[in-house]
Structure formats: C-alpha cells, structure tokens
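Dear colleague,

I am pleased to pass this structure on to you. Please keep it open while you read the notes that follow.

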Amino acid sequence: MDAAARLALRGRPASSPNPSVGTILVRDGRVIARGWTQGGGRPHAEAHALSNLSSGEAAGATAYVTLEPCAHRSERGPACAELLAQAKPTGVVIGILDPDSRTAGQGVSLLEDAGIEVTVLESASARESLAGYLTRAERGRPHVTLKIAMSLDGCIALADGTSQWITGDEARAHVHSRRALSDAILVGGGTWRADKPRLDVRLQGLEHRSPRRVLLTRGVAPDGVKVINAPEQISTLDGVQYLYIEGGAEVSASFLKADLVDRLEIYRAPIIIGDGLRAIGDLGLTDLPAAHGRWAIAEKRQLGSDTFTAYQRTR
C-alpha cells in the first residue's frame, strides 16, 4: 500500500478534478501491473492498471488500491469496482474508504458481491497521498502547505527586504518540485509588488506543471491571476485540491491564525541575519501552552547546506 501511495504522486495534480489514486496488482509475490489516475482524471488508476494486462491475467492476483474503487458509472468511463469484479482478482486491499456518497462503501459491497475478498486498511500513507481530496471532502477547502525559507534566527530577508537568496540551489530546486505537485500557488500583495515573482516551475521537463497563481489582496487582479480578499476564501478556488503558499510574514500569520495550514515546510539556511524581517507576523498568541501540541514532524532532509523540515498539523 505504501508503494501504491507513492505511485499516486505521479498523477498529482494533473488528475484534477479527480483524486490521484495508485493501484498495484500482485500475484505470487510479483507485481504484474501498476496504474495511477491519468491527466484530467481519466482513466482511473484501476482502469489504467488493468489496461496493461491481457484478458484473464488479473485472476488470482491481489489488487492494492489507495482509495475505494468507484461504484458509480460516468459518461467518461466505467465504474472501477465493476472493472475489478470482471477481472476477478482473488482480493482487493483498499487504503481508505471513499467519502464520496456515490461510492462510500458501495464499491466494497460490489466487490464482495462478486466473491472477491476485500480488506480495508485505513492506511496512513494512503490517507496522506489523498490529502487534497480528503480535505476538500471533509473541510470544504484545499489542503494548504505553507512554505517558509528562513535563516537560523528566523528571518526571511534583510531589514531592507532583500531576500535573494536565503537558501541554496538544492533547496530552491526542491521548492520547484513542491510547486509542481500543487494546483495553485498563493502570495500576498506585498510580495507580488516587491518581488514580482513568476510563481512557476523551472525544472527541466516539468515546466508544464506550473500551478495557477492566486493573490491575497484587496487590490485589482493582475492578468491571469486569481484574487481573494481573505484566507477563508480559498474555499472558492474551484478545482484546487492542493494550495501552496509562499507568502511573507503577514500572509503566513493570517493563514496560521485562521488555522488553515495543514502542512508547514521550513527551509532553514545556516546563516544568521540579526535585525531582519521576521518569518511570521503577529499570531495574537497570549497563552504559551496553547502553542504546544499543534504540529508533528513529518519529514526532514538535508538539501545541500540547508535543512528541510516538514510538519503536519495535528487535529
């Protein structure tokens, strides 16, 4: 299931508006097919995997699917639970059940009615790989990642606003890879006016994966940029499951104060700035114990001389 969850990343975010799902079929200890949700949401992961097999080849295999196979038919394609039922694997292992009312347990029932053994794992890796889809379903908004590049003493720029570059080449390339996994990228009006950021993906071969641009401001929308006036308005961003924020101190603070950040990604450079611009503005915190227990470390790695650390919001 962990491998299927990693496989699902290949479809993110191109699978939008559908979630990116991963599927692996195994027989006699050998992987016989893999699939992930394709661009535009079709074909689904199960259909993609089965298309790599000849008729009857899935019989006797076990299918590992990160999300419950869909049970509803569509003009764009068949129900994946029906496709699996026809392929007749011995078992289907599901990472998590689908919250969509059109499937929600019905995919499991359809498979079991076909005589297929079904196991639901409630897999943490599957849930993480579907974070955007699940946040939309459960909270009515995109999954939000807040990125901050800072010095050891928590500054994002010199006192005069100079910020290029806090981190090195490896860290900046990693940021572009994170952009490529996002549906949209957001900055504040101040950052837009001061830095005129491109907010695109500049990795060879991934330029087409540049996210949509969103600006948090009360000003007029620049050409090709979506404007929202308050953090809560991210719920109005149609088709956005994954939102990546590269804001300044006030934008970061506004999303943290509204408790809209699900993942915090910090790039820390081994430099000390001193009297510089702080990474995060005022959060209105008056009770220190209230700051504890909100974040859990999810990932840590070295990127050249810089350190990358990711934290998940605990809810």
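Which residue is covered by the UniProt annotation "active site"? According to the record, an unreviewed entry, that residue is E46. Please bear in mind that the model is predicted.

E46 and its surroundings

E46 belongs to helix α2, which spans residues 45-50. Is E46 buried or exposed? Its relative accessible area is 3%; because buried means under 20%, E46 counts as buried. Helix α2 also borders the loop that starts after β2 (30-36), and P43 is found in that loop. The peptide bond from R42 to P43 is cis, with omega near -5°.

The same unreviewed UniProt entry type supplies a wider annotation, "domain: CMP/dCMP-type deaminase", for residues 1-119. Over this stretch the chain is 24% helix and 24% strand. The C-alpha atoms at the two ends of the stretch are 12 Å apart.

Loops with particular backbone angles

A cis peptide bond also leads from S16 to P17, where omega is near 15°. P17 sits in the loop between α1 (2-8) and β1 (22-27).

Two residues other than glycine deserve a look for their phi angles. D28 has a positive phi, near 55°, and is placed in the loop between β1 and β2. L199 likewise has a positive phi, near 55°, and is placed in the loop between α8 (189-195) and β9 (212-216). How exposed is D28? Its relative accessibility is 77%, and because exposed means over 50%, D28 counts as exposed. L199, by contrast, is buried, with a relative accessible area of 3%.

Helix α9

Helix α9 covers residues 249-257, and its buried residues are A249, V251, S252, A253, F255 and L256. An α-helix has 3.6 residues a turn, so residues three or four places apart point the same way. You may wish to keep that rule in mind when you look at the list of buried positions. After α9 comes D259, whose phi is positive, near 55°.

Strand β12 and its partners

Why is strand β12 described as largely enclosed by the rest of the structure? The strand runs over residues 263-268, and 5 of its 6 residues are buried, so the rest of the structure largely encloses it. Two strands pair with β12 in what follows. Strand β6 (residues 143-150) pairs with β12 in the parallel sense, over 6 bridges; here L146 stands opposite L264 of β12. Strand β15 (residues 306-313) runs antiparallel to β12 and is joined to it by 6 bridges. Within that pairing, I266 has T309 of β15 as its bridge partner.

The cavity

How many cavities of 30 Å³ or more are counted? The count comes to 1. The largest cavity has a volume of about 100 Å³. It is lined by 16 residues, of which R12, S15, S20, Q241 and Y242 are the closest to its centre. By type, the lining divides into 8 nonpolar, 6 polar and 2 charged residues. Where does the largest cavity lie? Domain 1 (1-135) and domain 2 (142-313) both contribute residues to its lining, so the cavity lies between them.

I suggest that you begin with E46, the residue that the record annotates as "active site", and then turn to the cavity between the two domains.

Yours sincerely,
A colleague

Notes
Residues numbered from 1 in each chain as written. Predicted model: local features only at pLDDT ≥ 70, side-chain atom pairs only at ≥ 80, totals over all residues. Heavy atoms only, no water. 1 Å grid on protein atoms, 1.4 Å probe; cavity = no way out; pocket = protein on both sides within 12 Å on 5 of 7 lines; lining within 4 Å. Points joined across faces, edges and corners; volume = space filled by probe spheres on them. Nonpolar A, V, L, I, M, F, W, Y, C, P; charged D, E, K, R; others polar. Domains from an automatic or database assignment. Buried < 20%, exposed > 50% of the residue type's maximum accessible area, 1.4 Å probe, protein only. Helix = DSSP H or I, 4+ residues; strand = E, 2+ residues; numbered from the N terminus. Pairing = 2+ DSSP bridges. UniProt positions renumbered as here; feature names shortened; annotations may be inferred.
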